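Please open the structure in a viewer and keep the sequence at hand. The tour below proceeds by selection, one stop at a time.

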Amino acid sequence: AFSISGPVVTWDGKTGKTETSIAPYLVGVQAVQATSHAFAAICHDGSVVCWGDPEGDCTQVAQKLRNVKEIQRNHAAFAAILTGGTVVCWGRPEDGGDCSSVQQQLANVQQIQSTSSAFAALCGDGSVVCWGNPTNGGDSSAVQDQLKDVRQIQATGFSFAALLADGRVIAWGSEMLGGDVGRVPSRLRNVCQIAASDAAFAAIRQDGTVVTWGAPANGGDSFKVYDELRNVKHIAANSCAFAAIRADETVVTWGLGLRGGDSGAVRDQLKHVQQICASWCAFAAITSTGHVVTWGHPDRGGDSRGVQDRLQDVQQIQATRNAFAAILADGSVVTWGDPESGGDASHVQDQLQDVLQIQASESAFAAILADGRVVSWGFRTAGVIPTAVHESSVEL
């Protein structure tokens with residue numbers, strides 16, 4: 001689909017059939033978001049450019065997508081917050097691409113979070129509005145009367161957890177996958193931060209201890225490292241494991257060992273850690289010296305030895321499902337992991353200069369350059385901008 005009626009342009013990434021490049025319209029890009037197979041970019045004037053899988057086609061809501069402030073996404077739908085706090089949705093209707101049933105409640109929206117197929121919006125008065133697949137958190141009716149004075153919402157792939165102003169936590173969605181606090185409700189007090197894997201949550205309390213719940217295989221059981229989870233400042237998560245940064249800048253991990261829950265092989269290197277990025281099955285930590293330490297599934301980003309000598313002065317890392325991309329201090333980019341998921345950027349490497357930001361879909365990356373242009377790479381049907389296309393004379 002290709003929209004010329006408003007400020008939105010889309011490209012059909014599944015068939016690859018297009019007569020016009022969207023590249024001329026990707027100018028002045030401020031931010032990019034991605035579903036599994038489509039991208040949506042916010043331009044400097046608050047308009048939106050979409051490309052990738054046809055389910056990401058926003059033609060039908062093109063006229064409403066003005067003054068866009070922020071975009072959230074799940075696997076198959078987008079939700080945009082406009083400057084006035086209203087919301088516009090598009091994508092697969094049953095997964096949240098249709099919010100008409102709650103449209104009147106979506107006022108003064110401050111934040112939106114998503115599971116794999118549902119959205120939860122935090123409004124200015126501390127209330128929460130949900131829509132999408134009811135099994136995966138799209139229906140909060142069972143806890144709606146408790147969702148007051150909410151300060152933060154976090155999500156697994158199947159459930160939501162809301163942090164209240166008094167430090168308590170309310171969860172809903174799939175009960176076995178994080179939607180039921182079960183055996184830990186009494187410990188969920190004085191919580192200041194929540195992290196989520198694909199099916200479990202980890203909450204940091206004000207005293208630096210950690211409470212976990214959800215699927216044990218996804219990190220919902222932290223018993224083996226209970227005594228080590230002290231003075232925790234931040235927690236990162238991938239699909240099946242968690243990595244906690246402590247006050248002394250060391251790291252504690254738990255969850256499925258082969259997917260990052262076991263960091264024993266690199267424990268001695270995990271010092272002075274400043275931030276951690278996660279792919280689906282691996283972690284990448286940036287140290288205070290700008291070096292990178294990786295662990296987890298070796299074919300999905302957990303082994304960076306092939307590019308380790310280039311990983312110097314790293315400023316930021318992003319991840320697709322199976323690959324990582326690092327921005328260096330000079331604005332260049334280093335990638336590793338599964339080539340078909342963006343781990344190989346060789347064909348666009350000469351264009352990856354002066355990069356300010358990188359965003360990722362499930363298997364492709366999009367880099368925003370200093371001049372506002374966008375360069376993308378990875379699996380073609382995951383939203384990569386086509387390069388072999390004709391020039392357009394279409395005026396928007």
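Does Cys192 count as buried or partly exposed? Select Cys192 in this predicted model: its relative accessibility is 41%, so the residue counts as partly exposed.

**The cysteines**

Select Cys89 next. Cys89 counts as buried, because its relative accessibility of 7% falls under the 20% limit. A disulfide is a covalent bond between the sulfur atoms of two cysteines. Searching the whole structure gives 0 disulfides. Cys89 is accordingly in no disulfide, and its nearest cysteine sulfur, which belongs to Cys99, lies 3.1 Å away. That separation of 3.1 Å does not meet the criterion for a disulfide, because the two sulfur atoms would have to be within 2.5 Å.

**A sheet of three strands**

Move on to residues 273-278, which form strand 19, and to residues 292-296, which form strand 21. These are the edge strands of an open sheet, each pairing on one side only. The sheet has 3 strands in the order 19-20-21, and the pairing is antiparallel. On average, neighbouring strands here are turned by 20 degrees against each other, direction ignored. Now add residues 282-287, strand 20, which is joined to strand 19 by 5 bridges. Within this pairing, Val273 can be found opposite Thr287 of strand 20.

**Strand 23 and its partners**

Select residues 323-328, which make up strand 23. How many residues of strand 23 are buried? The count is 6 of the 6, so the strand is largely enclosed by the rest of the structure. In a regular strand the side chains alternate between the two faces of the sheet. In strand 23, Ala323, Ala325 and Ile327 are buried on one side, and Phe324, Ala326 and Leu328 are buried on the other.

Add strand 22, residues 314-319. Strand 22 pairs with strand 23 in the antiparallel sense over 5 bridges, and Ala319 stands opposite Phe324. A hairpin of 3 residues connects the two strands.

Then add strand 24, residues 333-337, which runs antiparallel to strand 23 and is joined to it by 5 bridges. Ile327 faces Val333 across this pairing. The hairpin here has 4 residues between its strands, and Gly331 in the turn shows a positive phi of about 85 degrees.

**Thr320**

Finally, select Thr320 in the loop between strand 22 and strand 23. Thr320 counts as buried, because its relative accessibility is 4%. Its side chain reaches the backbone oxygen of Ser341 at 2.7 Å. Leaving aside neighbours within four places in sequence, Thr320 is in contact with several residues, among them Trp280, Glu362 and Phe365.

Terms used:
Residues numbered from 1 in each chain as written. Predicted model: local features only at pLDDT ≥ 70, side-chain atom pairs only at ≥ 80, totals over all residues. Heavy atoms only, no water. Pairing = 2+ DSSP bridges. Axes fitted to C-alpha atoms, helices over the stretch in contact; angles between N-to-C directions. Buried < 20%, exposed > 50% of the residue type's maximum accessible area, 1.4 Å probe, protein only. Polar contact = N/O pair within 3.5 Å; in protein donor to acceptor, adjacent residues only side chain to side chain. Contact = heavy atoms within 4.5 Å.
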